[in-house]
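Please walk through this structure with the sequence at hand. The text takes up domains, sheets and helix contacts in turn.

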Number of protein chains: 2
Amino acid sequence: MNVMSMQRHTRKMPHSLPEGRAPLRRPGAGLPYLDAVSATDSMEHENQRLSAYEHQVKHAFDRIIPCVRKLAAIQYEEDFVPLASERIIDELDLTPPTDVLQKAWTRQLDVKQLVSHLTLATYYRFVSGVQHVNPLAHPQCADFVSFLADCGYHRMDITPCADGRLAHVIRYVLRLPAEVVRRKAYAGAAFAVEDNVAKWAEVELKRQQSAPGTNTKYLKVVAYHFSSIDGEREGCAAHGSDDRKAAEFGRDALLGFKNAVAQGFSRPDAVEGLLIGIDTATDSIVLHTPDLEGSIDIDSSLQSTDCVGMSSDKIRAYIGSYASHSSEGMQRLVSQLIENNLAQLAYVKTNHDGCYPDVGHAERFIGIGVGFDEIQLRNLMYFGYLTTIEEGAPDVDVGLKIFKGLNQSRGLSTPIVIRFDYYGSVAGARERAVARAGRVADALKSRYPDHFAAGDIHYLQLSRDLDTRAAPEFLGSNLPSLTEDNLS
Amino acid sequence: MNVMSMQRHTRKMPHSLPEGRAPLRRPGAGLPYLDAVSATDSMEHENQRLSAYEHQVKHAFDRIIPCVRKLAAIQYEEDFVPLASERIIDELDLTPPTDVLQKAWTRQLDVKQLVSHLTLATYYRFVSGVQHVNPLAHPQCADFVSFLADCGYHRMDITPCADGRLAHVIRYVLRLPAEVVRRKAYAGAAFAVEDNVAKWAEVELKRQQSAPGTNTKYLKVVAYHFSSIDGEREGCAAHGSDDRKAAEFGRDALLGFKNAVAQGFSRPDAVEGLLIGIDTATDSIVLHTPDLEGSIDIDSSLQSTDCVGMSSDKIRAYIGSYASHSSEGMQRLVSQLIENNLAQLAYVKTNHDGCYPDVGHAERFIGIGVGFDEIQLRNLMYFGYLTTIEEGAPDVDVGLKIFKGLNQSRGLSTPIVIRFDYYGSVAGARERAVARAGRVADALKSRYPDHFAAGDIHYLQLSRDLDTRAAPEFLGSNLPSLTEDNLS
């Protein structure tokens, strides 16, 4: 029985549960070996917990439009402001933007602004709330770190596509702890090699300080995507829904990163790459594992769907025969990833009969910057990891194109969260994050003047000190109604 | 006698001399100890060499305007094209831009375009030429590296202001080897802390690999500037010619960098900062050395002018009494910097009677990007070290303001070299550099549309493989006349 299977709940990282959920540390849960029935129970328990959270968050966003629709219907009534305020408080649990409501009777309710305001405020409420409860906390953070080390890796980071249908890849699809495995999303998973090399050097330096003499690798994962339903339209927009192109691009990006470290630092074995394909309709995965030289063959893949119903041992044997070209540690890791993914397949089966109803895009907002670790949910946020619009423009372009279909087509704006998190223990880091958020907002305006002129982009600038559990700091917005006061 | 004094010429780095100059390795030059007369001889020899190079390069640029003036006078003559071509070849040693010349008789000679073309082509010719001869090669590269290590530092990088009057700070003002000491210029010396932290981590990692167990520091130097002539107008534009503000800003930037490494990597002693002020009228320096905790007091400074005529020992004693708060290694280093600067003061005295005739701005072009190591000359290039216009905009803004006075005021454009160098041994590095040069050109156009509409910016995009001695690769230009063919 594997260290990563779902029956253990050591909870070394601080977190608690959404209200109304049973605590996980029930009697016997800490025992290392349980029978298969308990493992299944445990998985179902975890799935219920993840489902409750997904439902809770998405429902909060999905209540906004119906609520505003009802407000629009009564906007000319004499007691509109108190009535609307009450509904916003009751139905959305938000501070009403009184200014917007008060202007309704003279010049029509500004639905565009109101929807953006409520969407961004809902985001802020969740992000602030989760700092203390951490509802997506992984029960086995520390276990995963030591499992990863046993497999030969000291760090794992994942670049999925910016597409919102992959935003849950870490915590849901692969059932990994987001506290440990970082996500850097780029359109088409086209991550910036220099940025990743700098991160590698930083991690490597810290590793050599804290664990000298060890010889583990940095594991870089690229997650491309395709869709088993409507695949020719619902694949990766950045690669024109060409699945093979998406996979090849991911393979080449991994190789480029590995080579940059190999050649720049004379460390040919410091980085290992793993390529994962995700079916966004079902969350099943295919894995393209590297051989001992790091080469990845996209024609050879392991499929989680082949393993449905298999025991851990069977999965391990399956991997052993189909990924014998990979290292022992890589085989162990991907066995675990497949086992984890089976839990997600069960999740999708239980909640959506095996296939998501929203096969296509249904993101509620765009997030750009560095941060966004809290809410890892499918189809909620289109996420572009970037530090400048100049270099991140392809990500934003794709995002705005998606929202043209999602929001502008029905007269709504695109809500964008611009966010730069920082470590407050580093002097000057806050000021630099704030300056960056300002620059990115300015650059957004100058790159998309037509969107701004038409009121088609509403942004909120945030920054959070990662050394604390404080809510994000409000830095600004182009919505006059969004202020520090009515967010808190 | 100090390891860094000018009588040794070991020339471990490949270089040769400009034509017509005597070789430095004359009989006896390799001997470690020479008498004072020889040391003076040697300094004068070096000064002549540096002066010849400065004169040669600047003269090449300064011949352009008189040449074009003469061409303008004869532009309607029937044999203008062959005549002008001949003059451009004879006087400027450049391939004539025939297209521009041919259009003169129908619609007037495009002086703006021609001057920009010839300026950028002259730059290209020099940069290509120096790859093999390396006329600014420092005779004591390896000695300097070991001297620096003896002082306790494994790396030294300098951020001067982007101002062209500081572009020669490394090779001339401080007489350091540009092969070893890197320059990252920013307007107001406001360097990007994150960028420098990433560079620090990279250097530190390589150091731990190549020299484990050593405990040297990374020395970061900030060079601010002021002017002893016309100081209220000719100080640092980015700080409103407020010398104290410029110094304070430099001090705080150094502290920010030191703290970012200290707090981000738990390495409080990894970085040491040194603040240098440069009088752009005379090239004399003031040094603000850190105490053992790294604090810099801008009210306490050492002046090179106080040391004129002193022997090495006297300078060392002067430093010992006025910088006793600094480490032994720092004292040795700054003693050497002062001694080096005395050679530059002699240079300015010999060539310009102690004060530059061009006290104000007289740059010939702007350089932006990463590279530009070859030509380290005063008042030739305004240099902004940047990877995006979005983050480097303040540098470009200041540069264009300077060129508004220098060039636009007399009907000329601002020539800009956009350049990103890379190490060709790293797979994909060239493609990334090329992409960056493209993005920066696009961002320039979108940030300064009025300049482009008026034809007030002419740029040339270059990239060079630092692993070779090849000339820079031509990537593009908004001047149709500038092509790969007529540059090579």
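What follows describes a predicted model, beginning with the domains of one chain and moving on to sheets and helix pairs.

Chain A is divided into domain 1, residues 141-352, and domain 2, residues 360-487. The C-alpha centres of domain 1 and domain 2 of chain A lie 26 Å apart. The contact between them draws 21 residues from domain 1 of chain A and 19 residues from domain 2 of chain A.

The sheets are described here in chain B. One of them is an open sheet of six strands, ordered E2-E1-E3-E4-E5-E6 (chain B), with mixed pairing. Its edges are strand E2 (182-183) and strand E6 (302-303) of chain B, and each of these pairs on one side only. Within this order, E3 stands next to E4. Strand E3 of chain B covers residues 217-226 and strand E4 of chain B covers residues 271-279; the two pair in the parallel sense over nine bridges. To find the register on the model, look for Tyr224(B), which stands opposite Gly277(B) in E4(B). A helix also packs on this pair of strands: helix H11 (residues 243-265) of chain B lies across E3 and E4 of chain B, and runs at about 165 degrees to E3(B).

Another open sheet of chain B has five strands in the order E8-E7-E9-E10-E11 (chain B), again with mixed pairing. Strand E8 (381-385) and strand E11 (473-477) of chain B are the edge strands, each paired on one side only. From one strand to the next, the twist averages 20 degrees. At the E11 end of the order, strand E10 (residues 457-463) of chain B and E11(B) pair in the antiparallel sense over four bridges. Gln461(B) has Gly476(B) in E11(B) as its bridge partner. Helix H14 (residues 389-406) of chain B lies across strand E7 (365-370), E8, strand E9 (414-420) and E10 of chain B. The direction of H14 is at about 165 degrees to E8(B).

The remaining contacts are between helices. In chain B, the axes of helix H2 (residues 64-73) and helix H3 (residues 80-92) come within 11 Å and cross at roughly 165 degrees. Angles over 145 degrees count as roughly antiparallel, and therefore H2(B) is roughly antiparallel to H3(B). The crossing of H2(B) past H3(B) is right-handed. H2(B) contributes Ile64(B), Cys67(B), Lys70(B) and Leu71(B) to the contact, while H3(B) contributes Phe80(B), Ala84(B), Arg87(B), Ile88(B), Glu91(B) and Leu92(B). By class, the contact of H2(B) with H3(B) has seven nonpolar residues, three charged residues and no polar ones.

Helix H12 (residues 312-322) of chain B and helix H13 (residues 328-352) of chain B pack with their axes 9 Å apart, at an angle of about 130 degrees. How is H12(B) described relative to H13(B), given that angle? The angle makes H12(B) oblique to H13(B). H12(B) passes H13(B) in a right-handed crossing. On the H12(B) side, the residues in contact are Ser312(B), Ile315(B), Arg316(B), Tyr318(B), Ile319(B) and Gly320(B). They meet Glu328(B), Gln331(B), Arg332(B), Val334(B), Ser335(B), Ile338(B), Glu339(B) and Leu342(B) in H13(B). The residues of this contact divide into six nonpolar, four polar and four charged.

Chain A can be read in a similar manner. Helix H12 (residues 312-322) of chain A and helix H13 (residues 328-352) of chain A pack at about 130 degrees, with 9 Å between their axes. This makes H12(A) oblique to H13(A), and H12(A) passes H13(A) in a right-handed crossing. Among the residues in this contact are Tyr318(A) and Ile319(A) of H12(A), and Ile338(A) and Leu342(A) of H13(A). By class, the contact of H12(A) with H13(A) has six nonpolar, four polar and four charged residues.

Technical notes
Residues are numbered from 1 along each chain as its sequence is written. Chains are lettered from A and ligands numbered from 1 in the order in which they are written. This is a predicted model: local features need pLDDT of at least 70, side-chain atom pairs count only at pLDDT 80 or more; totals for chains, interfaces and linings use all residues. Side-chain values use heavy atoms; hydrogens and water are left out. Two strands pair if DSSP finds at least two bridges between them. Axes are lines fitted to C-alpha atoms, for helices over the stretch in contact, and angles run from 0 to 180 degrees between N-to-C directions. Contact means heavy atoms within 4.5 Å. Angles under 35 degrees count as roughly parallel, over 145 as roughly antiparallel, 65 to 115 as roughly perpendicular and the rest as oblique. A crossing is left-handed if the near helix is turned anticlockwise from the far one by less than a right angle, and right-handed if clockwise. Ala, Val, Leu, Ile, Met, Phe, Trp, Tyr, Cys and Pro count as nonpolar, Asp, Glu, Lys and Arg as charged, and the others, Gly among them, as polar. Domain bounds come from an automatic or database domain assignment.
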